[in-house]
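Grab a coffee and work through a few exercises on a protein model. Try each task yourself before you read the solution.

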Amino acid sequence: MKKLLHLFWTHLFPLPIVSGLEGALARVFTAGVVYHFLPILPPPTVQPVPVGMAHFIDLTWLGQASNFEIYRQALIALLVVYASGLALPVVLPVLAVAYIALYTLINSQGFTNHSHHILAVVLFSQALAALFYLRPKAGSWLKPSSGLQAWMLVAAQAGMASAYLISVFSKLWNSGFTWLFRSHYIALDMVKTMRQNYFSALDLRYATEPPNVVWMLEHPFWTAALFDLGFLVEALIVLSVGSRKLAFLFGVGTICMHRSINYFMGLEFHQNETMLAVFFVNVPFLIACLLGQRRQLSPG
Amino acid sequence: MLSSKVILLIAIPVFCALSLVLKENFPFSHYPMYSDPDPVSAYYHLEDAAGKALPLTQLTGVRGPNLGKILRKRLSDQAKKLDVGVKSLPREAVEGVARDTLAYLRTQAKHNKQVLPEKLRIMFTTIQFADGKVEEKREVFFTE
């Protein structure tokens, strides 16, 4: 047992070696995903139920069409600089705050859209890593050191894994620790989600019943076992932070979980899936390996 | 210098704890979706006075699931204000919340350069599984 604990501790949260190419690809992919999902139309000009920084700052000016267009262009410029890797200890915190401000206004309408949380968490975690790494000997401000690149990967993984872990805590707490035994009732929520999707745009694709819903409700044990598998992946993904192999396995597993939710409920998790592909499946690392660019840099 | 292990062992629990305490304060969230599976599920949708369903997102930019989120949040805030449970809210308080929500939807429709019908109603549907079938029961939640 002692040996097992020692082994667990030794392999917990290692700091991986990140090559310049992998770091650059991860930034380019992240910037691309953030850009892709930026709203084109201005957000509302009201904040009836302020959340986060909207409690202290009036963000409604962002909803004015002319202001929003300038703000959007500024965000895009920040994304370009972030992707280039220039002055990350300055650019990343500014980008994170600017991104969070925009989605704070969008989420201050009396309901929460959770689609963008994962991107905000990635930028926020990486900004903290960049600020944490702001030390005189850490290398030039203009070019990210190998150490900062390793920390940006681990920070993004830790932020994302925390989000999944929080969801696990909420499931346990809100259900009075009975979630694992009642998870088969999510099949009814699948019907609800389909109906809500239908009434969003009267889209006939969602006018039917989700696949296998009656079977699921007639077989609560197997249905709960299926949903509980997703719960397990969410709970354990945190253990893969920093580990290339485990992160790959959990990244693929979590993407499969999101894909199956999409199949059954019609819910989309594009942001989560792309960020999992970048930081857990580690597509940038795999590309860098394929190109033979995995230099043995010591994280300094 | 602290090791990556120690930093993450501090940072992850702190971030989780903050998120659970701050709840829905972007970028923090306690991700409450599907956290309390229940034998009865429910949703809201919008209709005109004649009972014709309206495409909420096309008209207001607000997605279908968010109508329920808005109503539940406002009803819960109102219940807290009156120091009662949501189910014990007086009818006039519920109607006030529904009226404010429709006013908000009209503002959003205007922002989207759309116009909502003069008279609207909010429908409430419950879903449950009984006798080997998924049953949906629909009722008028509020009508203008």
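The exercises below deal with a predicted model, and each task is followed by its worked solution.

**Exercise 1. Work out how chain A is built overall and how compact it is.**

Start with the secondary structure. Chain A has 13 helices and zero strands, so if you walk along the sequence you read α-α-α-α-α-α-α-α-α-α-α-α-α.

Next, check the size. The radius of gyration of chain A comes out at 21 Å, and the globule rule gives 19 Å for 300 residues; those are close, so chain A is as compact as a globular protein of that length. Along the principal axes, its C-alpha atoms fill a box of roughly 60 × 60 × 35 Å.

Then look at the packing. Of the 300 residues in chain A, 56% are buried. Take the contacts in chain A between residues at least 6 apart in sequence: 75% of them join residues at least 24 apart. Finish with the surface: chain A exposes about 13400 Å², with carbon and sulfur atoms supplying 72% of that.

**Exercise 2. Classify the aromatic pairs A:W173 with A:F177 and A:W179 with A:F231, and say whether their residues are buried or exposed.**

Over all chains, the structure holds 14 aromatic pairs. In the pair of A:W173 and A:F177, the ring centres are 6.2 Å apart and the planes stand at 85°; edge-to-face needs over 60 degrees, so that's what this pair is. Now the accessibility: A:W173 has a relative accessible area of 64%, which makes it exposed. A:F177, at 53%, counts as exposed too.

On to A:W179 and A:F231. Here the centres are 5.5 Å apart with 20° between the planes, and the pair is stacked. Where do the two residues sit? A:W179 belongs to helix α7 (residues 179-182) of chain A and A:F231 to helix α10 (residues 220-236) of chain A, so the pair ties together parts 52 residues apart in sequence. As for accessibility, A:W179 is at 2% and buried, and A:F231 is buried as well, at 8%.

**Exercise 3. Find an aromatic cluster and two charges that sit over rings.**

For the cluster, follow the ring pairs: they link A:Y99, A:Y103 and B:F26. For the charges, begin inside chain A, where A:R244 lies over the face of A:F285, 3.8 Å from the ring centre. Then go across the chains: B:K5 has its charged end over the ring of A:W9, at 5.6 Å from the centre.

**Exercise 4. Decide how enclosed helix α5 of chain A is, and say what covers it.**

First, the geometry. α5(A) runs over residues 117-132, has 16 residues and spans 22 Å from its first C-alpha to its last, close to the expected 22 Å.

Second, the burial. In α5(A), 12 of the 16 residues are buried, so the rest of the structure largely encloses this helix. Among the buried ones are A:H117, A:L119, A:V122, A:S125 and A:Q126.

Third, the cover. It includes α2 (20-36), α3 (65-84), α4 (88-106), α6 (146-174) and α12 (270-279) of chain A, plus α1 (4-22) of chain B.

**Exercise 5. Do a similar check on helix α3 of chain B, then look at what comes just after it.**

α3(B) has 19 residues and reaches 28 Å end to end by C-alpha, close to the expected 27 Å. Its buried residues include B:P65, B:L67, B:I70, B:L71, B:R74 and B:A79. What covers them includes α8 (186-201) of chain A, along with β1 (40-48), α2, α4 (91-111), β2 (120-130) and β3 (133-143) of chain B. Just past the helix, B:D83 takes a positive phi of about 60°.

**Exercise 6. Place B:G61 and A:H6 in the structure.**

B:G61 is in the loop between α2 (56-60) and α3 (64-82) of chain B. At 41% relative accessibility, B:G61 is partly exposed. Leaving out residues up to four places away in sequence, B:G61 touches B:L56 and B:N112. From B:G61 to B:S35 you count 26 residues in sequence and 26 Å in space, C-alpha to C-alpha.

A:H6 is part of helix α1 (residues 2-11) of chain A, and its relative accessible area of 55% makes A:H6 exposed. A:H6 and A:L249 are 243 residues apart along the chain, with 23 Å between their C-alpha atoms.

Definitions and conventions: Residues numbered from 1 in each chain as written. Chains lettered and ligands numbered in written order. Predicted model: local features only at pLDDT ≥ 70, side-chain atom pairs only at ≥ 80, totals over all residues. Heavy atoms only, no water. Phe/Tyr/Trp six-rings, centres within 6.5 Å; stacked < 30°, edge-to-face > 60°. Buried < 20%, exposed > 50% of the residue type's maximum accessible area, 1.4 Å probe, protein only. Helix = DSSP H or I, 4+ residues; strand = E, 2+ residues; numbered from the N terminus. Lys NZ or Arg CZ within 6 Å of the ring centre and 35° of its normal. Rg over C-alpha atoms; globule rule 2.2 N^0.38 Å. Contact = heavy atoms within 4.5 Å. Areas by Shrake-Rupley, 256 points an atom, 1.4 Å probe, with all protein chains shown as cover. Expected span 1.5 Å × (residues − 1).
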